[in-house]
Amino acid sequence: MENALIVSSSEKGATFIQDMLAAALIRDFAIVNSCGEARRLLLERKYDLVVINAPLRDESGENLARHIAANGIAQTLLLVRSEFFEAVSGICEEDGVLTISKPVNRNVFWAALKFAGSAHNQLARVQAENNALKLRMEDIRIIDRAKCLLISYIRMSEQEAHRHIEKLAMDLRLSRRAVAEGIIKTYDN
């Protein structure tokens, strides 16, 4: 993880979190003291990690944490008072929020930070794979559309249309998608 947002109305809590993040080599972070400010910053910039030291001035922090985690905006750590830990963690964990009881033990916080980093890396890999699959599906859709046009206008069979697109792609040293887009521009008017 490269950057983080710290949401804490307590200066002491913000300093503790800042020190822990610095030890984890996260140097790029912002500190705000309310959920409203956090929501504004999250609209302006992407953060890899959001650490919320609850309660906050304008709300408990639970709703913000759940919103961030449920929408895949960032990995989220929520620090809550020990008397509320069981109730809050039961609700927040369903959305993927890591909840830590206060007072915070450095080792527990460090372990949660490591876990959040691991989850962030895994999620980044899955998102990259998902994006590649979406691109591949779009390529197939465009190529199939070009094949349909060749079948309709030139009376090729599906196999002939497929071979035609592949041959043009090899001869012109273009991707099959680029050839298919050219065919679509030619015939789909």
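**Figure 1. The lining of the largest pocket divides into five nonpolar, two polar and two charged residues.** This is a predicted model, and the pocket is a handy place to start looking around. Its lining is made up of K12, G13, F16, I17, N53, L79, K102, P103 and V104. Which helix gives the largest share of that lining? Helix α1, spanning residues 11–23, does, with four residues. The volume of this largest pocket comes to about 180 Å³. As for how one finds such a place, rolling a probe the size of a water molecule over the atoms shows where empty space is left. Some names from the lining come back later: N53 turns up again in strand β3, and P103 is part of a cis peptide bond.

**Figure 2. Five strands make an open sheet with parallel pairing.** Going across the sheet, the order is β2-β1-β3-β4-β5. The two edge strands are β2 (28–32) and β5 (98–102), and each of them pairs on one side only. From one strand to the next, the twist averages 15 degrees. A word of background helps here: strands of a sheet pair through backbone hydrogen bonds, and they can do this in a parallel or an antiparallel way.

**Figure 3. Strand β3 is paired with β1 and with β4.** How many bridges join β1 to β3? There are five, and the two strands run parallel. One pair to look for is A4 and its bridge partner L49 in β3. Five bridges also link β3 (residues 49–53) with β4 (residues 75–81), again in a parallel run. Here V51 has L77 of β4 as its bridge partner, and V50 stands opposite T76 in β4.

**Figure 4. Strand β3 is mostly covered, with five of its five residues buried.** In a regular strand, side chains alternate between the two faces of the sheet. Which residues of β3 point one way, and which the other? L49, V51 and N53 point one way, V50 and I52 point the other way, and all are buried. N53 also belongs to the lining of the largest pocket.

**Figure 5. Helices α2 and α5 meet the strands of the sheet.** Helix α2, made of residues 35–44, packs on the sheet and touches β1 (3–8), β2 and β3. Its direction makes about 160 degrees with that of β1. Helix α5 takes in residues 106–154 and lies across β3, β4 and β5. The angle between α5 and β4 is about 155 degrees.

**Figure 6. H120 is a residue of helix α5.** Is this histidine, H120, buried or exposed? H120 counts as buried because its relative accessible area is 17%, and the cut-off for buried is under 20%. Leaving aside residues up to four places away in sequence, H120 touches M1, D48 and Q75. Q75 lies within β4, which covers residues 75–81.

**Figure 7. S82 sits in the loop between β4 and α4 (85–92).** With 43% relative accessibility, S82 is partly exposed. What does S82 touch, once residues up to four places away in sequence are set aside? The answer is S101 and K102. S82 and V104 are 22 residues apart along the chain, and 9.4 Å separates their C-alpha atoms. Both K102 and V104 are among the residues lining the largest pocket.

**Figure 8. Two cis peptide bonds come before prolines, at P55 and at P103.** Most peptide bonds are trans, which makes a cis bond worth a look. The bond from A54 to P55 is cis, with omega near 0 degrees, and P55 is in the loop between β3 and α3 (62–70). The other cis bond joins K102 and P103, with omega of about 5 degrees. Where is P103? P103 lies in the loop between β5 and α5.

**Figure 9. R155 and R173 have a positive phi, although neither is a glycine.** Most residues other than glycine have a negative phi. For R155 the value is about 65 degrees, and this arginine is in the loop between α5 and α6 (158–172). R155 counts as exposed because its relative accessibility is 71%. For R173, phi is about 55 degrees, and the residue lies in the loop between α6 and α7 (176–187). At 76% relative accessibility, R173 counts as exposed too.

Terms used: Residues numbered from 1 in each chain as written. Predicted model: local features only at pLDDT ≥ 70, side-chain atom pairs only at ≥ 80, totals over all residues. Heavy atoms only, no water. 1 Å grid on protein atoms, 1.4 Å probe; cavity = no way out; pocket = protein on both sides within 12 Å on 5 of 7 lines; lining within 4 Å. Points joined across faces, edges and corners; volume = space filled by probe spheres on them. Nonpolar A, V, L, I, M, F, W, Y, C, P; charged D, E, K, R; others polar. Pairing = 2+ DSSP bridges. Axes fitted to C-alpha atoms, helices over the stretch in contact; angles between N-to-C directions. Contact = heavy atoms within 4.5 Å. Buried < 20%, exposed > 50% of the residue type's maximum accessible area, 1.4 Å probe, protein only.
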